[in-house]
Amino acid sequence: METSDTAVREGDSRAGKYLTFRLANEEYGLEILKVREIIGLMEITGVPQTPSHIRGVINLRGKVIPVLDLRLKFGMDAAEDTDQTCIVVVEVTFGDQSVMTGVVVDAVSEVLDIDDEQIEDAPTFGGGVETDFILGIGKIKNEVKILLDIDKVLNTGDMAILNDMGESVEGKTMNVAELETAGV
Amino acid sequence: MNELEKQIQEVAKNLQWPVSDLESRVEHIATDLVMVDTDDLPALANLHENFLELIKSINDDTAVTSRVAANCADLVEKIVLSEVDSKAAAIELLNSAVTGLQAIIRDRRQPSEVVFPESLAPADLEEELNEPEVSQETVSEPEKSPAVILEKNKPVSKEPAPQTEAEPLIINLDGSDTSLLAEFITEAMEHCATAEQMLMDMETDPGNKSAIDAIFRSFHTIKGAAGFLELKPILVLAHESETLLDLARKGTVAVKGKIADIIFDSIDTMRTLLKGLEELLKSGGTYDGGEVIGAILGRLKDLLANIDRIEDYLQEEDVSNERLGDILVKQGTVAESDIEEALANKSRPEEKVGETLVKQGRVPAKAVAQALREQQRARHGNIVKEMVKIDTERLDRLVDTIGELVIAESMVGQDEEILAKASTKISKNISHLNKITRELQEMGMAMRLVPVQSAFQKLARAVRDLARKSDKQVNLILSGEDSEVDRSIVENIGDPLMHMVRNSIDHGLETAKDRLKAGKPEEGHLWIRAFHKGGNIYFEVEDDGRGLDTEKIVNKARERGLLPPNKELSEKEIFSLIMLPGFSTASQITNISGRGVGMDVVRKNIDAMRGHLEIESEKGQGTKFSMKLPLTLAIIDGMLVSVGCEKFIIPTLSVVESLQLTPDMISTVNSRNEMINIRGKMLPLNRVRDLFDIPSCDNENSDSTVVIVDDMENRIGLVVDKLLGQRQTVIKSLGRMFEKQKWISGGAILSDGNIGLIIDINGIVELARTVPSRRVSRIDISRMDGNNPAGNETSAVSTAPEEGVGTEEPVVEVMI
């Protein structure tokens, strides 16, 4: 976590190619280097007794990988799957391991080359909303893309939730703030 | 006389062995020598090996050829270690020596006719025996210095230790090929293991020549490589041990008692050094090899200096060889009476029995040759199968890919569209594909299997050490070392087995005095067995010691608050108490075991391997731990069941039976908690649908089957919709994200490409205890109590329904 943080915040390294996708009516971006592939929605096997934002596991050519619903993860309302809904397979680091994980997004938009000048730090929100998982805000022609530090997104909340799953969540969604505080 | 010699040569030619073998070896050496480059270390090592092989084939240490070959081998070694002034000149010397050997062996000249280069000519035999390895004395000089330091970075120019004019003792890893070093470490570790195993063999059979040869070779190889890599401490230790081993090889000393101890210690020290080196590779810095080897070196030197005064160590005559005649009789080639007759009619007294038999036409020469080969084999140990080392990661990937192939194959083979259109030709091809795939799968699985030997070997060593430490006489009886099991299991079984062995020796077996008092033989017995049964592998550790004291265990458990007072337990439950964390019956904490960690760790390890542990014990008679494990961790034998629209796999290992569920089989407690009567025993019933919150799916068979599972302590009934059959599937981990998910142990890819989750029996039993308590307020059940939640309550509530069930025998499909 720290490494990606310092590498991104300090150098000029925030510039680069981003895969942008849509969640509800917001546009997000993912470093393209983290993306392994994009696949259409396929049958997901639910794993019992897990938080609702964990959709389950899929068979990716013989590998079993977990799939998360990013909408639910961010505390947005669940949406019906459409033919645009797809799974972005990213490679994230959990501790010292690198793990493939799928995230369900509403639709994939495009791959954007974003310069450093186009990226701003995330503003500080009131109410203790953590913005750690946001690499920065990209502004491209009046449009705003929220650039995600996907390692952090997937690391922070989930592990903590699974750790004390006994008493937490069952069908209940958490908002971002809760998620982040749970992680810290 | 001339006539006779001709005849002998005639026979010898027919025999083909060992004469032609010698010839071919010498020829080999000669060609190798022409091709060898002075800096080509592998080739030199090979050459060295060939000389040793030659000596072995000559099989007579006093023969001129053998002694010359030995000198040649030493010279090659010096070339490798750069201890000669001119390598080219040394090769020249070797060349002329080999020409001499060729003359004797191939051209059958008398040794007296052949001139060898002076430095390689056979030394006077007596001299050699009195002063073993004179030539190597120079090598051992520098080792006397206590400070041998391995250093990663620049060699600090320290004061050269006394007597080390020739070479500095400091090792410079800088610029060394790290991959070469890493390889050396792995290889040397393997050599240590081999040596250790052979040493163990020698404990029971001190005259085992092939074993001592193997140990010698291991040290020798390590020494050679260490010399090349300039790892002085390792070189020194290997060399010094080798000197001792060489004496053993020559029959001057026998490997037993103190000498065996010291060699064991050498091996251990070698391992320490290797580990140190490994650390050094990773982290750099310095590693004081001198400190590590100091003690053992001192002991070795001491022993070597006084060796002639220790009469105990003199070797006994080796009588273990089977005679050629016996082999022939065993093979049925010849009758015993024939041999006796042949022996009586020998044409000359020193004639070998094989010759006589061939000459008298009683046996074909070929049969004698075969028998000779067998004899040779017996003398030199088993013929080793040829092996290829493979990166385990690659192997795993191969097995994974085969797993996928199996799935892809069944997807094609069971595709309805294809089946509908299939002509005979297509179905024939599909079934052919199916056959090949299965075969490939089996082969893939078999590749991961290794004999449990390596795990057993460590145990044998531990038993030896522990028995000595605790001053008990233990006769260890191993069986089933050849049983094959998945590599990962062999790796993981070591610790649990070790704990059990420790337990047996420390707590189980009594001292000789106590044993005699109890009317048992002085020597305690410890059996360690491995065997296959019903697609699983079993490990057993059994002793004939004092057995588990149930009373003491119960008292202890109460004391520790692990057990509510006034609770009656069955014997099985009492035994399972010792596997609770923080439980230890040893009244005294010894340095061997008894710190209260142990059996719970064993339990955890076995659970992790999806295994099953059972304890049998009778007071005063002994204890038996028996573990049942799947053959492989990569594949699971499971029952595919459906619940709602989901499919799950229940490991067959934990399934006791399964049966059709009818409403009248169910009794309830508090009108919520369900139970089922299985042949008079009430078991709690849990619906997987409720445990996992699975929505119902249009399914007319909902909750119609019950699978009885057993997690060792508890037996519960799991209610599912339908049994879909037995499956063997490759287990895939669900990954870090689900590692806290204890009731699912992994995923398996089903024939339709979807994932079936594998139920973890321990986990689900645990879950079954917690989930219903959320629904109904339930009597407080402690962990132990949970064993049999129904137990306390049955008598009160379920008399009537129980009888109802009992009269009507349910349809039982026994799965195992």
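Let's start where the two chains meet: between chain B and chain A there are zero salt bridges. Keep in mind throughout that this is a predicted model. Two residue pairs are in polar contact between chain B and chain A, both at pLDDT 80 or more. On the chain B side, the elements that give two or more residues to the surface touching chain A are β12 (646-651), β20 (744-749), β21 (755-759) and α27 (761-775) of chain B. Of these, α27(B) gives the most, with three residues. By character, the residues on the side of chain B that touches chain A divide into 13 nonpolar, four polar and eight charged.

How many residues does each chain bring to the contact? Chain B provides 25 residues and chain A provides 28 residues. Together they bury an area of about 2,300 Å², with carbon and sulfur atoms giving 62% of it. If you would like a few residues to look at here, pick Arg736(B), Met737(B) and Ile755(B): they supply 34% of the area that chain B buries against chain A, more than any other three residues.

Now a word on confidence in chain A. Its average pLDDT is 76, and 74% of the residues score at least 70. Among the elements of chain A, strand β3 (residues 35-40) has the highest mean pLDDT, 92, while helix α4 (residues 176-183) has the lowest, 39. Two stretches deserve some care. Over residues 1-11 of chain A, pLDDT stays under 50, and the model has twelve contacts beyond four places in sequence for them. Over residues 158-184 of chain A, pLDDT also stays under 50, and here the model has 50 such contacts.

Let's turn to the charged pairs. Side chains of opposite charge can pair when their charged atoms come close. Over all chains, the structure holds 32 salt bridges. One of them joins Arg461(B) to Glu196(B), with the closest N and O atoms 2.4 Å apart. This pair links distant parts of the chain, since Arg461(B) sits in helix α20 (residues 453-470) of chain B and Glu196(B) in helix α8 (residues 178-204) of chain B, 265 residues apart. Arg461(B) is buried, with a relative accessible area of 8%, and Glu196(B) is buried too, at 5%.

Another salt bridge runs between Glu540(B) and Lys624(B), whose closest N and O atoms are 3.9 Å apart. It also links distant parts of the chain: Glu540(B) is in strand β8 (residues 536-543) of chain B and Lys624(B) in strand β10 of chain B, 84 residues apart. Glu540(B) counts as buried because its relative accessible area is 9%, under the 20% cut-off.

A third example to visit is the salt bridge between the side chains of Arg687(B) and Glu674(B), at 3.0 Å from N to O. Arg687(B) lies in strand β16 (residues 681-687) of chain B and Glu674(B) in strand β15 (residues 673-678) of chain B, so the pair ties together parts that are 13 residues apart in sequence. Both residues are buried. Elsewhere, salt bridges that share partners join Glu196(B), Asp261(B), Asp268(B), Arg271(B), Arg461(B), Arg464(B), Asp465(B) and Arg468(B) into one network.

Finally, have a look at Met627(B), which is found in strand β10 (residues 622-630) of chain B. Is Met627(B) buried or exposed? Met627(B) is buried, with a relative accessible area of 0%. Leaving aside residues up to four places away in sequence, Met627(B) touches residues including Ile493(B), Leu497(B), Met500(B), Phe539(B) and His612(B).

Notes:
Residues are numbered from 1 along each chain as its sequence is written. Chains are lettered from A and ligands numbered from 1 in the order in which they are written. Side-chain values use heavy atoms; hydrogens and water are left out. Contact means heavy atoms within 4.5 Å. Buried area is the accessible area (1.4 Å probe) that two parts lose on being put together, summed over both. A salt bridge is a side-chain nitrogen of Lys or Arg within 4 Å of a carboxyl oxygen of Asp or Glu. A polar contact is a pair of N or O atoms within 3.5 Å; within protein, one must be able to donate a hydrogen and the other to accept it, and residues adjacent in sequence count only if both atoms are side-chain atoms. Helices (H or I, at least four residues) and strands (E, at least two) are DSSP runs, numbered from the N terminus. Ala, Val, Leu, Ile, Met, Phe, Trp, Tyr, Cys and Pro count as nonpolar, Asp, Glu, Lys and Arg as charged, and the others, Gly among them, as polar. pLDDT is the predictor's confidence in each residue, from 0 to 100. Buried means under 20% relative accessible area, exposed over 50%, partly exposed in between (1.4 Å probe, protein chains only).
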